[in-house]
Amino acid sequence: MALLEVNNLKVSYGLIQAIKDVSFSVEEGQIVTLIGANGAGKTTIMHAVCGLIPKRGGKVIFDGRDITNTAPHKLVPMGIAQVPEGRRIFQELTVEENLRLGAFTRSDSREIAETLEKMYQRFPILKQRSKQVAGTLSGGEQQMLAMSRALMSHPRLLLLDEPSMGLSPLYVSTVFDMIRQVNEEGTTVLLVEQNARKALAIADRAYVLEIGNIAASGTGAELLNDDSIRRAYLGG
């Protein structure tokens, strides 16, 4: 059974139908990516899955449970964490305060401390800057912090919305290495990403969105080797 199922999802903004009967699934242990041009509906789907915007139709099922109308704050205790587009860290708090807020649904202080140390081991720069105000970090460091904060809740499903946006090539590679490592450690990932080549390179399965519809799907490798996909999204 799929860990996440999106069935016949419909989302409208006024008279504009942004998402048109979209269905896809994410199996446990997979990295699944949604790619497409700007305005195709990728982030809208992510927001709908998280309950951040109303749906006009369809269902969202997580681990066999209907979460279509579940409030966003109830999803974290269920095992879903999101890293939104633009990172959205708490700029005025320190790095460590941001990380500890990611564990707000957990109560075991020893386990929280162990998870915190694991995040610091993964990104030593965060430990070096643990007492630094988060808003003073570079863009790449803020993205590391946002992803680490989400992982502090021990999610089964991690939702990543444009994690490489605005980052230098070095940090882009670091972020994708982290996504692969997190997945290898057992976390399922749903990834929305403009860098289609890097997203497809790590994806078990991928879906191409065009104007609110799924236009193509397959394994990451299949889409990487598809001539039409290469011409449209990978620069030939």
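Is Ser148 buried or exposed, and what relative accessibility does Ser148 have? The legends below take up this residue and several others in a predicted model, in which local features need pLDDT of at least 70 and side-chain atom pairs count only at pLDDT 80 or more, whereas totals for chains, interfaces and linings use all residues. Residues are numbered from 1 along each chain as its sequence is written, and side-chain values use heavy atoms, with hydrogens and water left out.

**View 1. Ser148 and its contacts in helix H6.** Ser148 has 0% relative accessibility and therefore counts as buried, a word that stands for under 20% relative accessible area, with exposed meaning over 50% and partly exposed in between (1.4 Å probe, protein chains only). When residues up to four places away in sequence are not counted, Ser148 touches Leu99, Met119, Phe123, Leu126 and Met178, a contact being heavy atoms within 4.5 Å. Helices (H or I, at least four residues) and strands (E, at least two) are DSSP runs, numbered from the N terminus.

**View 2. Gln142 in helix H6 and Ile89 in a loop.** Helix H6 covers residues 139-151 and includes Gln142, which counts as buried at 10% relative accessibility. Leaving aside residues up to four places away in sequence, the contacts of Gln142 are Arg87, Ile89, Gln91, Ala134, Gly135 and Leu137. Ile89 belongs to the loop between strand S6 (80-83) and helix H3 (95-101), and with a relative accessibility of 7% Ile89 is likewise buried. Under the same exclusion of residues up to four places away, Ile89 touches Asn98, Ala134, Gln142, Leu145, Ala146 and Arg149; the C-alpha atoms of Ile89 and Arg149 are separated by 8.7 Å, although these residues are 60 apart along the chain.

**View 3. The aromatic pair of Phe24 and Tyr207.** Rings of Phe, Tyr and Trp (its six-membered ring) pair if their centres lie within 6.5 Å, and planes under 30 degrees apart count as stacked, over 60 as edge-to-face and the rest as tilted. By this rule the count comes to 1 aromatic pair. The ring centres of Phe24 and Tyr207 are 5.5 Å apart and their planes lie at 50°, so the pair is tilted. Because Phe24 lies in strand S2 (residues 16-26) and Tyr207 in strand S9 (residues 205-210), the pair ties together parts that are 183 residues apart in sequence. Both Phe24 and Tyr207 are buried.

**View 4. Helix H1, residues 42-49.** Of the 8 residues of helix H1, 7 are buried, so the helix is largely enclosed by the rest of the structure. The buried residues are Lys42, Thr43, Thr44, Ile45, Met46, Ala48 and Val49. Just after H1, Gly51 adopts a positive phi of about 75°.
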